[in-house]
Amino acid sequence: MQPRAFSLLVVGLTLALVAAAWALGWWLQPVYGDLTRLGGYAERDYGWNEPVSEFEPLPSSFGEWTQPVDILVIGDSFANLRPAQQWQNHLVARTGWRVHTLDVHQVDVEALVASRRFVEHPPAVVVWNVVERNLADDHATYARTCGAVGTGLPVALPAPMAVEASAHPVSRPHALFDVNPGFARTWLHRAAMRTLFEAQAGNTVRVELAREDLFSSREAGTLLVYADDFRKAGWSDEHLRRIRCALSELATHFQANGRTAFVSALAPDKSSAYRAWARDPARLPPERLGALLDDLAVPDVRLDLAVRDAVASGVTDVYMPNDTHWSTAGHAVAAQAIMERLLELRDPTADLTAPPAVARAAAAK
């Protein structure tokens, strides 16, 4: 074969392979969820089909803390992943409370409580919002002591007053330029592993559900969960004791000023939220938040109960079908539960007529 012809053949084959990968990537649809990405599942089958709500502009704030707030949220991806969709925005819209969120993985607690911002403008409450599966590992460093915290401080929040916040529906992306041709190779490999060897591939576990009305995806009768959810199956009573001690120590740090209350809002794993509706519940690890929170010394929101009730009532996409995190429905459930718990803990001597700071600021403009 002549060199020119050989070169043209190579270029032609390369272009054909690229085109095929792009076409397959388009057929799979742009990757959005962490579970579809890790497990090599097609978004066309497992992606959400009900729109989610995104706020613009954001009524709450994220990142560097620069302004006084009523509520300081410290959390993992359940509090930080997609700021425009987060429960904090729903909470602000319902109450007018000023809310700012920090990433728990970037927070030094001792440095934070000693900071000028915290000392001069302490928030009324710190909400500790982290997910179930990481509790044993992420809280080991805090469990140095296990002193009694008591019932904690009353929450000195102003009376809630709804404010106007703009939220608009957003559909799952289908843009041609968002296609990820490299994912086609992942999908081919992991689909082959599942088909030929019935092997779970990646870090995603697929479980059949007994109901088909809990997700808006095409595969609504199937549950995708994160394999790391299974780590909690190995927790002992000692693990639970250490987590309780860690939360108690955190409360002690934040409440030392006598003005900031500490409240935990522990998010259940997706596997815990849907275990009761699995066709074979034994394929999923048992939830552990119930046992942990029954003896917790600090006040908790009990998101596990709120989420369970929402799923039981048939709310669609409490968690995204293709992701470990909440969809709009889940964020709304969390916001409502957190609001109700904070109102229960609110100082009854607070000025009931003073509007929240967000509303005051808006009125002053």
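Start with helices H5 and H14, which lie oblique to each other. The model on your screen is a predicted one. Select H5, residues 87–95, and H14, residues 328–345. Their axes come within 8 Å and cross at roughly 50°. An angle from 35 to 65 degrees is neither roughly parallel nor roughly perpendicular, so the pair counts as oblique. The crossing of H5 past H14 is right-handed.

Now show the side chains where the two helices meet. On the H5 side, select Trp87, His90, Leu91, Arg94 and Thr95. On the H14 side, the residues in contact are Thr328, His331, Ala332, Ala334, Ala335, Gln336, Ile338 and Met339. Several of these positions recur at short intervals along the helix. An α-helix has 3.6 residues a turn, so residues three or four places apart point the same way.

**H5 and its end**

Keep H5 selected and add a surface for the rest of the chain. How many of the nine residues of H5 are buried? Eight are, so the helix is largely enclosed by the rest of the structure. The buried ones are Trp87, Gln88, Asn89, His90, Leu91, Val92, Ala93 and Thr95. Step past the end of the helix to Gly96, where phi is positive, near 80°.

**H13 against H14**

Next select helix H13, residues 303–312, and look at how it packs on H14: the axes are 10 Å apart, at an angle of about 135°. This pair is oblique as well, given that angle. H13 also passes H14 in a right-handed crossing. To see the contact, show Leu303, Ala306, Val307 and Ala310 of H13, which meet Val333, Ala334, Ala337 and Ile338 of H14. Ala334 and Ile338 of H14 also appear in the contact with H5.

**The nonpolar cores**

Hide the surface and select Ile71, Trp87, Leu91, Val125, Tyr274 and Trp326. The largest nonpolar core has 47 residues, and these six touch the most other members. Which helix gives the most to this core? Helix H14 does, with eight residues. In soluble globular proteins, nonpolar side chains tend to be buried together.

Centre the view on Val125. Beyond its neighbours up to four places away in sequence, Val125 touches Asp70, Ile71, Leu72, Val155, Leu157, Thr260, Ala261, Val263 and Leu342. There is also a second, separate core of 30 residues, including Trp65, Val126, Leu266 and Leu292.

**Salt bridges**

One of the residues touching Val125 leads to the next stop: Asp70. Select Asp70 with Arg98, whose side chains meet in a salt bridge at 3.3 Å, N to O. Asp70 is in the loop between strands S2 and S3, and Arg98 is in the loop between H5 and strand S4, so the bridge links parts of the chain 28 residues apart. Is Asp70 buried or exposed? Asp70 is buried, because its relative accessibility is 8%. Arg98 is partly exposed, at 25%.

Move to Asp137 and Arg231, which form a salt bridge at 3.0 Å, N to O. Asp137 belongs to helix H8 and Arg231 to the loop between strand S8 and helix H10, so the bridge ties together parts 94 residues apart in sequence. Arg231 has a relative accessible area of 35% and is partly exposed.

A third pair is Arg302 and Asp304, with a salt bridge of 2.8 Å, N to O. Asp304 is buried, at 10% relative accessibility. Then select Arg133, Asp229, Lys232 and Asp269 together, since salt bridges link them in a network. The whole structure holds 16 salt bridges.

**Val131**

From Asp269 it is a short step to Val131, one of the residues in contact with Asp269. Val131 sits in the loop between strand S5 and H8, and is buried at 2% relative accessibility. Apart from neighbours within four places in sequence, Val131 is in contact with Asp76, Phe78, Ala267, Pro268 and Asp269. Draw a distance from Val131 to Phe78: the C-alpha atoms are 6.9 Å apart, while the residues are 53 apart in sequence.

**The whole chain**

Finally, zoom out and colour by secondary structure, which comes to 15 helices and nine strands. The chain has 365 residues, of which 49% are buried. Among contacts with a separation of 6 or more, 81% are between residues 24 or more positions apart.

Key: Residues are numbered from 1 along each chain as its sequence is written. This is a predicted model: local features need pLDDT of at least 70, side-chain atom pairs count only at pLDDT 80 or more; totals for chains, interfaces and linings use all residues. Side-chain values use heavy atoms; hydrogens and water are left out. A salt bridge is a side-chain nitrogen of Lys or Arg within 4 Å of a carboxyl oxygen of Asp or Glu. Helices (H or I, at least four residues) and strands (E, at least two) are DSSP runs, numbered from the N terminus. Buried means under 20% relative accessible area, exposed over 50%, partly exposed in between (1.4 Å probe, protein chains only). A nonpolar core is a set of buried Ala, Val, Leu, Ile, Met, Phe, Trp, Tyr and Cys residues joined through side-chain atoms within 4.5 Å. Contact means heavy atoms within 4.5 Å. Axes are lines fitted to C-alpha atoms, for helices over the stretch in contact, and angles run from 0 to 180 degrees between N-to-C directions. Angles under 35 degrees count as roughly parallel, over 145 as roughly antiparallel, 65 to 115 as roughly perpendicular and the rest as oblique. A crossing is left-handed if the near helix is turned anticlockwise from the far one by less than a right angle, and right-handed if clockwise.
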